[in-house]
Each structure stands twice: as structure tokens, then as C-alpha cells.
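This report describes selected features of one protein model. The sequence and structure are shown below, followed by short sections on individual residues and elements.

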Amino acid sequence: MDANVKRVLVCSAWPYASGVLHLGNLVGCLLSGCVFKRFYRLRGHDALHVSGTDAHGTHIEFEAARQGTTPEELAHRVHKQIVEALRAFEVDIDNYTITESPVHVEFVTDIYRQMDAAGYIISQEEERAYCRGCERFLADRYIIGTCPRCGDNAAKGNQCDACGTLLEPEELSDPACAWCGSRDIVRRSTRHWYLDLARLEPRLKEYVASRNFRGNVAEFTRRMLEDGLRPRAVTRDIEWGIPAPFLGAEGKVIYVWAEAALGYVSATIEHFRNLGRPERWKEFWFGDDVWQVYTQGKDNIPFHTVVFPGQLVASEQGYHLPDQISASEYLNWVGGEQFSKSRGVGIYADEALELLPAVYWRFYLLYNRPEGRDSSFSWEEFDKAINGIFVDNIANFVHRVLSFVWSHHEGEVPDEPTDPEIEQRIAEAEEEVVRVLESGALAGALRKVAMLAVQGNEFFQRRAPWREGDRQAVATAAHLVKALGILLEPFVPMFSRDVYRVLDLAEPGWEELWRSPAGSKLAHQPQPLLARVDVEELKRRYLEMKAEERVSMEEFKKLDLRVGKIKAAEDVAGADKLYRLTIDLGDRSMQAVAGIKEQYTSDELVGKLVGVVANLEPATIKGVRSECMVLAAEGSELSLVGPEREVEPGTKIS
């Protein structure tokens, strides 16, 4: 980061208003942004963090229809739930808004008029995918089929998550409608408006070359530019969204991807309007003395390194373009399965808070933030991070030292200089934390701070002040405790506040790292900061929580239970327990990923009649699309459930 930077703007990707946050999208976007904002503010920068709930698009229409409500009601209900979760996790975003905000609608309308006036919006009559089963044009993620680039059969109509390629729905082969499951998809004529990325390509390549993108960000962006940019549709034939402001575009709305990222600007405008300083937003969006950091999952990389900068450039207003993209890999559930509230897979924000206070979850998620590759939640890793590192290492060291000061020195830190060895360790930790966060990562910084606590424990044990009356060792250890509190503040602020209260510190800045508490008195007798977590008991409570979730008769009636006949059982690459099953349901074939390899050979499965849930929302497991679920009984040995007598595939179970 350049030395002349005065302000830092942190922008976190906007979660959809379709459901509660799960641990994966919490750490990948909003929690990560919170850490960056706290870090830069602690370092003395004028830092601002903005985000909001993405309320528009087909996804919200789809989920609202499924729940029997309106998109507007669903969006505002979920927005409220997300705000409550963020408050509980102390993710204190300066302006967490919603794309239904009048300020956002106004800004999106204005900037598209600017793009249009500058000649970067083009339109054309074209044929689009149309489902005759439910009589609607199909866009983005609601056409599912095979990717033309990598062959993944779980690609969505806007993007293949497997290889990162941006797509149009018509490019998929063997497409199916996600609304009704029909494959009766035809092409119908309609007119749409496009952002002319092809014309913007030279300027975007120049922009990308000026940024030091790394890792997955550099790779996804390079691949997109090498493929060549082409116009990208910005309108859709749906009802729920911001009306398109182009001449002749009546009845169209702005495509959800084409307005959500613009919310970073509108959220900044809204924030300063709310403060009564309506022009100050420009300080974060124009000029070279601002640094912009974006936190998101890897699936959002192309939109933030190419498409969103393209929108800003096309407006010809001279916007500052994104500097750093901190894109996490995916955090999946145990065994690599995707989180799914409907299928009871994973821990969601509301459930996490029922199980443990937020401080534990913040530490685990940030310590294990997936930055090099996808990772899966693990109860064993949770135990190691929380009990082995956070409680036994960090919290116990802090309590041990402060309690020693209280009991052996009457609550006053000895007025002695810090040992040079520990001064050097603090300096090394500070340098590494700054380096890691300024590079756009987080986990390595938290691990370095944890190592500093290990070094502090070793120092205190080696010097053994309880035997020799070593006052310098006590003063040095107290200085290290203070440093731990400050370095941990961006990650677990509630823990740091507890440390500050004992040390009688009021909102210390980064410079306090180098000021020893020698000669100061503790504010009160220290108490243990954290309790160990019985992970087996926690796991038991989690399973009970899932088992207690009741399903109403109306909800149960929504399940499409049928008899299916397994036609093929194939191995899943990189998975020891999974089969890819092709299942005949009479009028169609569906694919399921099932963890039954330890119980059945492929030969035993082929030709077997099984119970199938045929209308589940598709999921991707180990890169394979799973469209339905086979029923199985879990006893001493897992056993598939099927009819006693021979029946036709597709027979309804009632």
C-alpha cells in the first residue's frame, strides 16, 4: 500500500436476501471485511466499511415463490436477520444497507445513463432461452447444464463455479429449468441491453496490469482476459429489480449482477448523506490517496476485477478502481459437502450463536480462513484451534501473567524495561501481521499472533519469576500481553476488550504496541478470559439441534418422493466414499451423489429400486452436480430404502 494513502475503503460482497448466512459466506465476505476495517482503523487510517443485502434478481423471485411470499417481503425479512447476525458477531459495518434503498436505485439509474451517454451500452434483438413448462425466460443460475469450457455438469447460466468462466444461459449443453425441472426449453426473441466490455478491453487490461493481483485473483482474471472480453447483458426479462433506464427498455430490469457491485458506491453515498456530509463520499471514490479492499468468495473474482471496474470506467466519471481483491476459497461442510439450510447441512449464523458465543466462531473461522484452497469444517480442527490455541495458549497465557501481577506484585506491573528478546518477537509479529493483511490475506497473521503467545509462554516458563523474583520477566510478559490484545483486536475484538479492561486501557491505537505497561496498575483482579469447549458435547448439541427441526405437514407435502431405478454407479474423483448415481425416474433421469461406497459395490447398485427425493435444490459435491437424494436408513450399517415389490420407476411415494 502506498505511503500517501489517507483513507481506506473496505467493500464486502453482498449476500443474497434468500436465506441466513452460513459460516462459509460469513468468513469469506463480511467477517473478513470487518477485520480489514478494524486493522486499518487501528493503524490510524480513515477507514470505512460498506456492504449490504442483495435484494433483487431471479434468485430472490425463485425463493420467494418457493416460500409462498413476495420478493419484497422475503428480502426485508432476510435483511433484518442478517443485520441481527452481524451485530451478534460484532461485524460492525459502517453502512450495511440493501439494494432496495432509494439511494441505490437512484445511483444505479444515473450511472447507467452515464454509461449509455458515453456509448458503452449497446442493444440487440436476440433469441433467449424460454421454458415452455413454466412459461418464462430463463436467465443466470436458473438454467443448469454442462459448461462448454470444462465440461462440468453443474454449471449455472451465468457462471461455471468449477472453472470460473462467465457464461450466457444459451451456452450450456443439456440445459434444464431450475424452476420446474423441464427440459422443454426453446429460444424466443427479445431485446436486451449490454455493457460493451469488448470496447473497454484495452482500458481494462491496462488497469489490471497496474494492480498486483495474486493467487486465485490473478489466475481467474488472467483466464478471463485471455479468452477475450465480449459484451455482457445488463438487462433481464423479470419483474423484480431496478427498472432499466434505456430508451425502449420498458418492462426490463437491470440484471442483478449488473447492479449489486455498484452498491459499494451507493452505500458510501448513503452513509455520508446519513451523516449530513453528502459530498464526502467522493473522498473514497476519487483520487490516489484512497486504498480500496474488496472481500468476497472466489466465485465473485471476475465481477470485481473486470466487470465492476468496466462499469466505473464506462461512466467516464474518473472513479478510483479496486486496488486489492481479498478472495477466499470455499469453506464447505464436513466431507466437502455444500452448506444447505433446507437439507440440514452445516452451521448457520443463528445456529452457531445458539451453540457458542461469537468470539469462538470468529477465532476459528479466521484462523482457518480458506486462502490457498477449498477447505471443509472439521470438529477436530475446531478443537485444535479453540482449545489447543485460543484457550490453552493465548487466553491462559494472558490470565497467567495478569494473575501473577495481581497476586505477587499487588496488581502493579514492575517498573522494569522489556527484555530485548521479547521486544524483537513483538516487532517480528507486528511486521508479519502488517505484511499479511496488506497483501490481502488474514489467516497467516492470526497464526503469527498465536505463535507470539507460544513464545511468551516459553519465556515466562524459562524465566520462572515465581522462583527468582525476576521483576523484568514479569514486566516483559505484561508487555507481551498488551501486544497480544492489540494485535488480536481486528480478529476477536471482544477478547481484546477484556484484556484492555484489566490493563486499564481505553481504545489503544497501534502505537501502543511499543509502550510497556511497566509501572501501571491493573484495573481489577483478572478472571479467566475463556473456558475450554467440550467439542464432543458441542457436536452432540449440534446434532440434537438438527434433529429437533420440525417439518410442518404443508412443508412435507412439498417433497416429491418417488421410486427410482439406479442405472449407473460411477466413482467420484477424489472421494473415497461417494458414488455418482444415474437414476431413472420414468419421465426423466436424474443424478445423485451418495456416500454409500463403503456399503455397496457399483454392481450391487445397478438395477436397484430406491426411494428418491426428486425436487431438492441441486447441490454440487466434490465438483459433481447432485439433483436429487436417495433415501437410506442409518443403523449399525447404512441401508438404502426401496419398495418391497417391483414397481415402475417414477412411481410416486405417498
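## Arg 625 and its surroundings

Arg 625 is found in strand E22, which covers residues 624-626. In this predicted model, the relative accessibility of Arg 625 is 9%, so the residue counts as buried. Its side chain makes a polar contact of 3.0 Å with the side chain of Glu 627.

Setting aside neighbours within four places in sequence, Arg 625 is in contact with Ile 144, Asn 153 and Ala 154. Its other contacts under that condition are Gln 591, Val 593, Pro 618, Ala 619 and Thr 620.

## Ala 575

Ala 575 is placed in the loop between strand E17 (561-571) and strand E18 (579-584). With a relative accessible area of 10%, Ala 575 is buried, since the cut-off for a buried residue is under 20%. Not counting residues up to four places away in sequence, Ala 575 touches Lys 597 and Lys 622.

A distance of 49 Å separates the C-alpha atoms of Ala 575 and Phe 286, which are 289 residues apart along the chain.

## The nonpolar cores

How many residues does the largest nonpolar core have? It has 180 residues, and those with the most contacts inside it are Tyr 112, Trp 285, Ile 347, Trp 361, Phe 382 and Phe 495. The element that gives the most to this core is helix H12 (residues 379-408), with 15 residues. A second, separate core has 18 residues, including Tyr 579, Ala 594, Ala 614 and Cys 628.

Tyr 112 illustrates the contacts of a residue in the largest core. Leaving aside neighbours within four places in sequence, Tyr 112 is in contact with Ile 121, Val 234, Pro 245 and Phe 246. Ile 254, Ala 258, Leu 262 and Gln 311 are also in contact with Tyr 112.

## Helix H17

Why is helix H17 described as largely enclosed by the rest of the structure? Helix H17 spans residues 493-503, and eight of its 11 residues are buried, so the helix is largely enclosed. The buried residues are Pro 493, Met 494, Phe 495, Ser 496, Val 499, Tyr 500, Val 502 and Leu 503. Phe 495 is also among the residues with the most contacts inside the largest nonpolar core.

The cover over the buried residues of H17 includes helix H1 (23-42), helix H11 (358-367), H12 and helix H16 (471-488). Just after H17, Asp 504 takes a positive phi of about 60°.

## A cavity lined in part by H12

The structure holds two cavities of 30 Å³ or more. The second largest cavity encloses about 30 Å³ of space. Its lining consists of Val 398, His 399, Leu 402, Val 502, Pro 526, Gln 527 and Leu 529. Of these, Val 502 is also one of the buried residues of H17.

H12 supplies the largest share of this lining, three residues. By residue type, the lining divides into five nonpolar and two polar residues, with no charged residue.

## His 104 and Gly 241

His 104 lies in helix H4 (residues 102-117). At a relative accessible area of 1%, His 104 is buried. A polar contact of 2.8 Å joins its side chain to that of Ser 266. Apart from residues up to four places away in sequence, His 104 touches Ile 98, Thr 99, Ile 242, Glu 259, Leu 262, Gly 263 and Ser 266. Leu 262 is also in contact with Tyr 112.

Gly 241 is placed in the loop between strand E11 (235-236) and strand E12 (253-254). Its relative accessible area is 19%, and Gly 241 is buried. Its contacts, leaving aside neighbours within four places in sequence, are His 56 and Val 253. Gly 241 and Thr 99 are 142 residues apart in sequence, while their C-alpha atoms are 9.0 Å apart in space.

## Further positive phi values

Most residues other than glycine have a negative phi. Asp 174, in strand E8 (residues 173-177), has a positive phi near 50°. Is Asp 174 buried or exposed? At 52% relative accessibility, Asp 174 counts as exposed.

Ala 464 also has a positive phi, near 40°. Ala 464 is found in the loop between helix H14 (443-463) and helix H15 (465-468). At 1% relative accessibility, Ala 464 counts as buried.

Notes: Residues numbered from 1 in each chain as written. Predicted model: local features only at pLDDT ≥ 70, side-chain atom pairs only at ≥ 80, totals over all residues. Heavy atoms only, no water. Core = buried A, V, L, I, M, F, W, Y, C linked by side-chain atoms within 4.5 Å. Buried < 20%, exposed > 50% of the residue type's maximum accessible area, 1.4 Å probe, protein only. Helix = DSSP H or I, 4+ residues; strand = E, 2+ residues; numbered from the N terminus. Contact = heavy atoms within 4.5 Å. 1 Å grid on protein atoms, 1.4 Å probe; cavity = no way out; pocket = protein on both sides within 12 Å on 5 of 7 lines; lining within 4 Å. Points joined across faces, edges and corners; volume = space filled by probe spheres on them. Nonpolar A, V, L, I, M, F, W, Y, C, P; charged D, E, K, R; others polar. Polar contact = N/O pair within 3.5 Å; in protein donor to acceptor, adjacent residues only side chain to side chain.
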